[in-house]
Amino acid sequence: MALSFTGTMSVAASDGETVGSVLVAALGCNVAWGIVDGVMFVLTTAVERARRFGHIDAIRNAPVEKARLVFLDNLPDDVRLSASDELADILFNRIRTSRGVHDRRIVQGRDLAAALSICTLVIASTLPPSIPFLFIDDLNAAMRVSNFIALAMLFVIGGRLGKYMGRSPWPMAGVMAAIGSVLVALTIALGG
């Protein structure tokens, strides 16, 4: 998001727009995208939860053979391949006879809280790359500093993603920065 508006900064400035007005428009755009991302998170979470409830209902209520097929079709591949038939039968029977979850709301409060966090993160991620435009008068220099800040953010985020994946943070940090560099180079080549 930040790259999209910093890349258009030179076009807007050549058309007589002020840097401040472009920054305000960019922030408005990111607020809109933050809302879109939050809403899409809630929708996809609700769809997956409804799908899971449907599978559980089918396992509990369908004839045994059909229920068994639903159960086996919805096991992750690595679980299905490593579980013995006896273990699969134990899990199947436990699900079939369990009382289930009492809270069957498709959208839950934690989904809305996560959507708000997503929206806030999208908006906040725009701010660091915007700072150079407030303090550097030379538009090209401000754009390059902004690009550097965005790449540094991608490097840090990549490292965190690597740790989340249970791996060394450095390779993922490098991959994210490399992808960001290619995107910056592409944006510059296309006139940004």
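In which helix does Ile157 lie? Select Ile157 in this predicted model, and the residue is found in helix α9, which spans residues 139-164.

**First stop: Ile157**

Display the side chain of Ile157. Its relative accessible area is 45%, so the residue is classed as partly exposed, a term that applies between 20% and 50%. Now add Met176 to the selection. Although 19 residues separate Ile157 from Met176 along the chain, their C-alpha atoms are 7.8 Å apart.

**Second stop: helices α3 and α4**

Next, select residues 19-61, which form helix α3, and residues 64-73, which form helix α4. The axes of α3 and α4 come within 7 Å and cross at roughly 150°. The crossing of these two helices is left-handed. To see the contact itself, show His55, Ala58 and Ile59 on α3, together with Ala67, Val70 and Phe71 on α4. Sorted by class, the contact of α3 with α4 comprises five nonpolar residues and one polar residue, with no charged residues.

**Third stop: the two faces of α4**

Keep α4 in view and highlight Ala67, Val70 and Phe71, which are buried. These residues lie on the same side of α4 because they cover an arc of only 100° around the axis. The partners against which the buried residues of α4 pack are α3 and α6, the latter being residues 85-97. Then rotate to the face of α4 turned away from its buried side, where the exposed residues Glu65, Lys66, Leu69 and Asp73 are carried.

**Fourth stop: the nonpolar cores**

Which residues make up the largest nonpolar core? Select Ile59, Ala62, Ala67, Val70, Phe71, Leu75, Ala88 and Phe92, the eight residues of this core. Helices α4 and α6 are the elements that give two or more residues to the core. The largest share, three residues, comes from α4.

Within this core, centre the view on Ala67. Apart from its neighbours within four places in sequence, Ala67 is in contact with Ala58, Ile59, Ala62, Phe92 and Arg96. There is also a second, separate core of five residues; among them are Leu23, Phe133, Leu139 and Met143.

**Fifth stop: Leu121 and Leu134**

Move to Leu121, found in helix α7, residues 109-124. Is Leu121 buried or exposed? Leu121 has a relative accessible area of 61% and is therefore exposed, the cut-off being over 50%. Add Asn30 to the selection: Leu121 and Asn30 are 91 residues apart in sequence, and their C-alpha atoms are 9.9 Å apart in space.

Finally, select Leu134 in helix α8, which covers residues 127-135. With a relative accessible area of 57%, Leu134 is exposed. Show Asp73 as well, the residue seen earlier on the exposed face of α4. Leu134 and Asp73 are 61 residues apart in sequence, and the distance between their C-alpha atoms is 55 Å.

How values were computed:
Residues numbered from 1 in each chain as written. Predicted model: local features only at pLDDT ≥ 70, side-chain atom pairs only at ≥ 80, totals over all residues. Heavy atoms only, no water. Axes fitted to C-alpha atoms, helices over the stretch in contact; angles between N-to-C directions. Helix = DSSP H or I, 4+ residues; strand = E, 2+ residues; numbered from the N terminus. Left-handed = near helix turned anticlockwise from the far one by under 90°. Contact = heavy atoms within 4.5 Å. Nonpolar A, V, L, I, M, F, W, Y, C, P; charged D, E, K, R; others polar. Buried < 20%, exposed > 50% of the residue type's maximum accessible area, 1.4 Å probe, protein only. Arc of directions from axis to C-beta. Core = buried A, V, L, I, M, F, W, Y, C linked by side-chain atoms within 4.5 Å.
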